[in-house]
Amino acid sequence: MSTDLSNFKKLYFETAHVYVLSMQKALENAAPNSEPHVFENLHLYAHSLKSQSAVMQYTQIAELSGYLEQIFNKLIIHTEGYSLELSGVIKASVTSLKNALTNLEKDQETEASLSDRINDLRKFI
């Protein structure tokens with residue numbers, strides 16, 4: 001038995017865009033010498049976007065958000081340094097999420113592939 005998710009799509013896109021915008025704003029305050037708490041909200045946004053995307057069956061967005069979640073968790077516990085390279089990959093990934101959501105909202109049948117960004121993030125896991 002499958003669930004009709006059409007009633008939830010509007011709410012999903014509203015909240016997903018808020019999470020991405022919040023990530024973009026939070027990343028403005030992140031720097032290589034940032035304290036771990038800077039990444040706590042980023043972790044929460046990525047986790048929430050991953051979970052909601054998985055429920056909506058947007059697997060590419062969920063997977064990319066999941067990798068961001070893992071990286072932010074590492075940054076919170078200091079096992080991964082926030083380098084300029086990592087910063088660039090994260091910012092590019094968040095921009096890709098924004099674009100994917102915008103495109104998906106226009107054409108709700110086709111989710112764009114985010115495999116290049118996913119592969120970029122895997123290098124930091």
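The protein chain, a predicted model, contains 5 helices and 0 strands. Read from the N terminus, its elements follow the order α-α-α-α-α. Helix 1 covers residues 6-27, helix 2 residues 40-55, helix 3 residues 59-76 and helix 5 residues 115-122. Helix 4 takes in residues 84-106.

The overall dimensions were computed from the C-alpha trace, which spans about 45 × 25 × 25 Å along its principal axes. The radius of gyration of the protein chain is 14 Å, and a compact globule of 125 residues would have a value near 14 Å, so the two agree. Of the contacts with a separation of 6 or more, 75% are accounted for by residues 24 or more positions apart.

Surface and burial were examined next. Buried residues amount to 42% of the 125 residues in the protein chain. The protein chain exposes about 7,000 Å², and 50% of this area is supplied by carbon and sulfur atoms. As for charge, there are 11 positive and 15 negative charges, and the mean positions of these two sets lie 3 Å apart.

In soluble globular proteins, nonpolar side chains tend to be buried together. In the present model, the largest nonpolar core has 39 residues, and Met23, Ile61, Phe72 and Ile90 are those with the most contacts inside this core. Helix 1, helix 2, helix 3, helix 4 and helix 5 each give two or more residues to the core. The surroundings of Phe72 illustrate how residues from separate parts of the sequence meet: leaving out residues up to four places away in sequence, Phe72 touches Met23, Leu27, Phe39, Leu42, His43, Ala46 and Ile90. Two of these partners, Met23 and Ile90, are also among the residues with the most contacts inside the core.

Two residues of helix 1 were considered in detail. Tyr12 is found in this helix. Tyr12 counts as buried because its relative accessibility is 3%, under the 20% limit used for burial. Apart from neighbours within four places in sequence, Tyr12 is in contact with Leu49, Gln52, Ser53, Met56, Tyr58, Ile61 and Leu101. Asn41 is 29 residues away from Tyr12 in sequence, and the C-alpha atoms of the two are 19 Å apart in space.

Val20 is also found in helix 1. With a relative accessibility of 2%, Val20 counts as buried. Its contacts, not counting residues up to four places away in sequence, are with Leu49, Val94, Leu97, Lys98 and Leu101. Leu49 and Leu101 therefore appear in the contact lists of both Tyr12 and Val20. Val20 and His47 are 27 residues apart along the chain, with a separation of 11 Å between their C-alpha atoms.

Helix 4 holds residues at opposite ends of the accessibility scale. Ser93, found in helix 4, is buried, with a relative accessible area of 0%. When neighbours within four places in sequence are set aside, Ser93 is in contact with Leu64, Leu68, Arg117 and Leu121. Leu84 also lies in helix 4, yet Leu84 counts as exposed because its relative accessibility is 70%, which is over the 50% limit for that class. Leu84 and Pro32 are 52 residues apart in sequence, while their C-alpha atoms are 6.9 Å apart in space.

An intermediate case is given by Gln70, which lies in helix 3. With a relative accessible area of 37%, Gln70 is partly exposed, since this class falls between the 20% and 50% limits. Gln70 and Ala30 are 40 residues apart in sequence, and 16 Å separates their C-alpha atoms.

Outside the helices, Gln57 lies in the loop between helix 2 and helix 3. Gln57 is exposed, its relative accessible area being 58%. The phi angle of Gln57 is near 70 degrees, which is a positive value in a residue other than glycine.

How values were computed. Residues numbered from 1 in each chain as written. Predicted model: local features only at pLDDT ≥ 70, side-chain atom pairs only at ≥ 80, totals over all residues. Heavy atoms only, no water. Helix = DSSP H or I, 4+ residues; strand = E, 2+ residues; numbered from the N terminus. Rg over C-alpha atoms; globule rule 2.2 N^0.38 Å. Buried < 20%, exposed > 50% of the residue type's maximum accessible area, 1.4 Å probe, protein only. Contact = heavy atoms within 4.5 Å. Areas by Shrake-Rupley, 256 points an atom, 1.4 Å probe, with all protein chains shown as cover. Lys, Arg positive; Asp, Glu negative; His and termini not counted. Charge placed at Lys NZ, Arg CZ, Asp CG, Glu CD. Core = buried A, V, L, I, M, F, W, Y, C linked by side-chain atoms within 4.5 Å.
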